[in-house]
Amino acid sequence: MKKVYTCFCTDVIHDGHLNIISEAKKYGEVYVGVLTDEAMIRFNRFPAISFEERIALIKNIEGVKEVLIQNDIMYDGVINKLKPDYVIHGDNWLSGQLKVIRDNVEGLLKKYGGKIIDVPYTYNERVKRIDAQIREKLAMPEYRRKRLKQLIKLRPVVKTLEVHSGLTGLIAEKTVVEHNGEFDQFDAMWVSSLCDSTAKGKPDIELVDMTSRFRTIDDVMEVTTKPIIFDGDTGGLTEHFVYTVRSLERMGVSAIIIEDKTGLKKNSLFGNEVVQTQDTIEHFCEKIAAGKKVQLTDDFMIIARIESLILDQGMDDALNRARAYVKAGADGIMIHSRKKDPAEIVEFCKLFRKEDEITPIVVVPSSFNSITEGELAAVGVNIVIYANQLTRSAFPAMEQTAKDILKYHRAQEVDARLMSIKDIISLIEEL
Ligand code: SPV
Ligand code: MG
C-alpha cells in the first residue's frame, strides 16, 4: 500500500479536511500529522482545544490509518521518518505565505521520488463560520485572560507588541512572517501608558484616566484574540488599585504591570533628568498584596516593576525589591533600564534567577535594543515587550506626509509610499 501524508493545523474538522481525507484515500493509506501547540502558535493561532484532544479528533476520522506528531510547520522530521509516497494539501499553498512550506515539501519528496497532490481548497460558508467561531472563542474573557500564563509555559519568550487602537491591535494580531523557513508572530499585546497617552496628544503622567485607558483596551479587544498586558503606571492609590484589578480581570486582561514609583509619575526613560520618587518597599508590597487579595481567578497576573536601575539605586536595591515583591504576592517581576548596554539587565536576571527559578521576568528593551530575544531567554527572561516601536514608526511617516502635502500643494508626491485605497478598505474584515 502507498502512504499518503497530510498535516492538519486545526481544532475543528470541517468539509475541507474531510475532502482532503477522501481524496487521499484514493492514493493509499492515510497518515495525518497533528501540529504541536508550540508549532501551531507560531504558525497559526493559539489552539482552542488541547493537543491530546486534537489527536483524538483526527484519530476518529474514518479512513485515517495513523496520527503522527509534527513538531514544526516544515515537514522535514515527519517526511524523513515516514517517507510518504504522496503529500496531499489544499491548493491554497501554491502561492502566498504558505508557498515556502510547499517548496520545502517538494524538495524533501524529490530526494526519493515522492509526489505532491494539490486539491482545490474548500472555503464555503460553513468553513468560514467555523473559523469565525474559533476566533470568537479565543477572544472571550475567560479564554483570553488565562492565555498569558499558558504562553509563558509554551514559549521561550512571550513576544509582546505595543497597541493603542483597533488598528495597531490588528497589526499585533495578524502580522506573521516567514524568515529562513521559520514562521513567527507576536504572542501578546502591551497597552502602554506612554503610547496610549501619546496617541491622545497627552503627556505620560497618569493624566489619561482609567475610563479612557479601558476604552482603549475595549477597542483592541473588539478586533483581536491575543492576550493583553496592561501598563498600570503606579497603580494609583491602593484604594483605587483594587478596583482597577477587578475591572481588568472582568474584561479579560491577563496582567497588569505596576511600577514602584509614587507621586507625579514621569516616563522612566527620562531617568533622573526629572524628579521621580521611588515608593517604599513596604508601601508597594501593601499595594501588590491588596491587588492579589481582591483577584477572583487564578489567571490574572500582577507584575511588579522595579525602577531601581532607572533611578540609579543600584543592583542590590533592585534585587531586594524583587525578593520583597515576590513575597508580597507578585506574579512576575519587570526590571527596567534606560542604558543602551544590556549589561545591567543581564546581571539582574542572572542574579535573580540564582535565587528564584520560577517567577517570570519581564523586560522592555527600548534602550538596550541590541540584545536578542534568544539572549534574553538564555538569562531567564520570560516576556519581552516592544513597548513603543509602532508609535515611533507611525509618527515620523505621518509627519513627513503632512509636510510634503504642504510643500507640493497636492498629494501626488506622497502617493507612492502610501497604502493603496483598495488595500486600506479591505484591511478590515467585514462580518
Ligand atoms: C510604557 O510603554 O508606557 C512604559 C515603558 O511604561 S517605558 O516607556 O519604557 O517606561
Ligand atoms: Mg508606562
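A polar contact, as I will use the term today, is a pair of N or O atoms within 3.5 Å, where, within protein, one atom must be able to donate a hydrogen and the other to accept it. Please keep in mind throughout that what we are looking at is a predicted model.

With that term in hand, let me start at T224, which sits in the loop between helix 11, residues 210–222, and strand 10. The side chain of T224 makes such a contact with the backbone oxygen of V220, at 2.7 Å. Is T224 buried or exposed? Its relative accessibility is 3%, and because buried means under 20%, T224 counts as buried. If we set aside the neighbours within four places in sequence, the residues in contact with T224 are A139, R144, G169, L170, E173 and M189. There is also E136, which is 88 residues away from T224 along the chain, while the C-alpha atoms of the two are separated by 9.0 Å.

Let me move on to T225, which is likewise found in the loop between helix 11 and strand 10. T225 has a relative accessibility of 9% and counts as buried. Here the side chain of T225 is joined to the side chain of E173 by a polar contact of 2.6 Å. E173 also appears among the residues in contact with T225 once neighbours within four places in sequence are left aside, together with R135, L138, A139, R144 and R147.

Strand 10 brings us to the metal site, so to speak, and to the question of which residues coordinate the magnesium ion, ligand 2. They are S193, through its OG atom, and D231, through OD, at 2.1 to 2.2 Å. S193 belongs to helix 10, residues 193–199, and D231 to strand 10, residues 228–231, so that the pair, 38 residues apart, links distant parts of the chain. Both residues fall under the 20% limit for burial: S193 counts as buried at 2% relative accessibility, and D231 counts as buried at 4%.

Finally, I would like to turn to a pair of helices. Helix 13, residues 281–294, packs against helix 14, residues 315–327, at an angle of about 30°, and their axes are 9 Å apart. The crossing of helix 13 past helix 14 is right-handed. On the side of helix 13 the contact is made by I281, F284, C285 and I288, and on the side of helix 14 by R321, A324 and Y325. Sorted by class, this contact has six nonpolar residues and one charged residue, with no polar ones.

Methods
Residues are numbered from 1 along each chain as its sequence is written. Chains are lettered from A and ligands numbered from 1 in the order in which they are written. This is a predicted model: local features need pLDDT of at least 70, side-chain atom pairs count only at pLDDT 80 or more; totals for chains, interfaces and linings use all residues. Side-chain values use heavy atoms; hydrogens and water are left out. Axes are lines fitted to C-alpha atoms, for helices over the stretch in contact, and angles run from 0 to 180 degrees between N-to-C directions. Helices (H or I, at least four residues) and strands (E, at least two) are DSSP runs, numbered from the N terminus. A crossing is left-handed if the near helix is turned anticlockwise from the far one by less than a right angle, and right-handed if clockwise. Contact means heavy atoms within 4.5 Å. Ala, Val, Leu, Ile, Met, Phe, Trp, Tyr, Cys and Pro count as nonpolar, Asp, Glu, Lys and Arg as charged, and the others, Gly among them, as polar. Donors are N, O and S atoms within 2.8 Å of the metal (3.2 Å for Na, K and Ca); water is not among the atoms, so sites may look incomplete. Buried means under 20% relative accessible area, exposed over 50%, partly exposed in between (1.4 Å probe, protein chains only).
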